[in-house]
Structures are given as C-alpha cells and as structure tokens.
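Got your viewer open? Load the model and let's take a walk through it, one selection at a time.

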Amino acid sequence: MIDNGVSRSTAAFPLQGVAASWIAGIALAMLMICTRGQHVVSVNALPSASWAVFFLAGLMLRPAWIFGALFALASLLDFGSLATGTIGQWCVSPAYWALLPAYGSLWLAGRLHARRHAPDLAGLARLALVLVVTTLVAYVFSGGGFYVFSGHYPAPTLAGFGERIVHYYPQKLGTLAGYVGVGVALHALVPRVAVRRPVPQVKGA
C-alpha cells in the first residue's frame with residue numbers, strides 16, 4: 001500500500017503522461033551517450049549504463065519502439081567509435097549481434113516487472129531478484145556470444161565460460177543495480193517533493 005499522499009497512479013510504472021515519458025526517454029538516451037564507449041561526449045569516469053538504460057526503458061516507457069530506437073543509438077555510437085578509431089575490431093566482432101537478445105532480455109524484464117512494482121520492501125525485494133536473474137540471462141547472451149562467436153577464443157569451453165561468469169557477473173550486477181536503484185529512487189522522490197512544495201499565493205486573491 002502506498003502512503004504519504006502519493007497515489008498509485010503516480011508511483012506505479014510505466015510512467016504516466018506524454019511529458020514525463022519524453023523527459024525520461026531523453027534522459028535515458030543521454031545517459032547512454034555519456035557513458036557508452038570512448039567517443040567525444042563520453043564520461044569515462046562512469047561505468048557504462050547501457051544495460052540499465054534498456055531495463056529502465058522497459059520499466060518506465062510504454063512504447064515498444066523505444067527498444068529499437070535505443071538499440072539503434074547504441075549501434076550508432078559503437079560503429080561511429082569504430083569508424084573514428086576510438087575502439088578497435090576487438091570490440092565489434094561477429095558476436096556483436098548477440099547484444100540484441102541481451103538488451104532485449106533486459107528491456108523485457110523491466111517491462112514485465114513494471115506490472116508488479118511497488119515502492120515497499122516487498123517490491124524492492126522483487127526488483128532485486130529480477131535484477132539478479134536478468135543480469136545472468138543478459139550476460140549469457142552478451143558474454144557467451146562474445147566468448148563463442150567473436151573468434152578471439154579458438155577453443156571455448158563451458159568451464160572457461162563459467163570462469164568468465166564468476167569474474168564479470170558481480171561487476172555487471174553491481175553496475176546495473178546501481179543505476180536502476182538511482183532511477184527508481186528518483187521516480188519515487190520527485191512526486192513527493194512536488195506534493196510537499198508550497199503553492200505560491202497570488203496577491204489580491
């Protein structure tokens with residue numbers, strides 16, 4: 001149950017209203033631009049937010065075409081960086097398209113969780129479980145695809161991939177959970193601030 005004067009429609013996902021959806025969509029796109037790769041506007045001090053961007057897009061935004069637009073943006077950034085020489089062929093290999101199901105799983109998980117999200121302890125526990133499972137699924141697609149199809153590992157083995165999961169999974173989960181946590185916290189905080197903000201009085205009224 002949601003208290004403190006915040007209605008269910010205000011707190012639930014996906015976002016309600018055209019303006020809120022546009023603001024969130026633009027913010028997610030800018031977050032990807034600023035944290036992905038090594039191009040002229042990237043902020044190298046921040047870890048890539050791409051996984052979180054797709055999850056949050058599924059969680060917050062209704063239109064399904066958003067997924068295609070974000071994947072096109074990610075590809076444009078990657079191939080643009082390849083063309084300018086800021087990244088090498090190692091990063092863009094035949095396994096690149098394994099990112100499509102990886103990002104798709106993140107977007108779909110966010111979309112499915114949006115129906116069950118609640119700003120309480122039980123809701124946060126569900127979100128944490130979703131992130132744990134979704135990170136593993138996404139890494140199986142992205143990391144597994146790179147390990148098997150990139151051509152950089154001539155004799156891939158299940159044991160070798162298991163070692164990569166142990167090494168990379170905690171980092172992927174931590175980054176995803178950090179960005180998603182900030183996004184969900186901002187979503188919960190903004191309506192409360194708006195409710196508590198005093199309404200300006202008009203003189204002479």
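**Start in the middle: α3**

Select Ser50, Trp51, Ala52, Val53, Phe54, Phe55, Leu56, Ala57, Gly58, Leu59 and Met60: these residues of α3 are buried. Keep in mind as you look that this is a predicted model. Helix α3 spans residues 50-60, and eleven of its eleven residues are buried, so the helix is largely enclosed by the rest of the structure.

**Zoom out for a moment**

Switch to a cartoon view of the whole chain. What is the secondary structure made of? You should find seven helices and zero strands. Reading from the N terminus, the order is simply α-α-α-α-α-α-α. Now colour by burial: of the 205 residues in the chain, 41% are buried. If you draw the contacts between residues at least 6 apart in sequence, 70% of them join residues at least 24 apart. Put a surface on, and you get about 11,700 Å² of accessible area, with 71% of that belonging to carbon and sulfur atoms.

**Into the core**

Hide the surface again and pick Phe54, Phe55, Leu59, Leu61, Tyr103, Leu176 and Val180. These have the most contacts inside the largest nonpolar core, a set of 46 residues. Two or more core residues come from each of α2 (18-35), α3, α4 (65-84), α5 (99-114), α6 and α7 (158-196). Which element gives the largest share of this core? It's α3, our starting point, with nine residues.

Next, centre on Val180. Leaving out residues up to four places away in sequence, Val180 touches Ala52, Phe55, Leu56, Leu127 and Leu131. Ala52, Phe55 and Leu56 are ones you already selected among the buried residues of α3.

**Along α6, inside and out**

Now show helix α6, which covers residues 121-149 and holds Val132. Thr134 sits in α6 too. Is Thr134 buried or exposed? It is buried, because its relative accessible area is 7%, below the 20% cut-off. Show its partners: beyond neighbours within four places in sequence, Thr134 is in contact with Ser105, Leu106 and Ala109.

Compare that with Val132. Its relative accessibility is 37%, so Val132 counts as partly exposed.

**Last stop: a patch on the surface**

Bring the surface back and select Leu129, Val132, Val133, Val137 and Phe141. Together these residues make a nonpolar surface patch of about 400 Å². Val132, the partly exposed valine from the previous stop, is one of the patch residues.

Notes
Residues are numbered from 1 along each chain as its sequence is written. This is a predicted model: local features need pLDDT of at least 70, side-chain atom pairs count only at pLDDT 80 or more; totals for chains, interfaces and linings use all residues. Side-chain values use heavy atoms; hydrogens and water are left out. Helices (H or I, at least four residues) and strands (E, at least two) are DSSP runs, numbered from the N terminus. Buried means under 20% relative accessible area, exposed over 50%, partly exposed in between (1.4 Å probe, protein chains only). Contact means heavy atoms within 4.5 Å. Accessible areas come from the Shrake-Rupley method with a 1.4 Å probe; for residues, only the protein chains shown count as cover. Patches are made of residues with over 30% relative accessible area and no salt bridge: like charges are joined within 9 Å, nonpolar side chains (Val, Leu, Ile, Met, Phe, Trp, Tyr) within 5 Å. A salt bridge is a side-chain nitrogen of Lys or Arg within 4 Å of a carboxyl oxygen of Asp or Glu. A nonpolar core is a set of buried Ala, Val, Leu, Ile, Met, Phe, Trp, Tyr and Cys residues joined through side-chain atoms within 4.5 Å.
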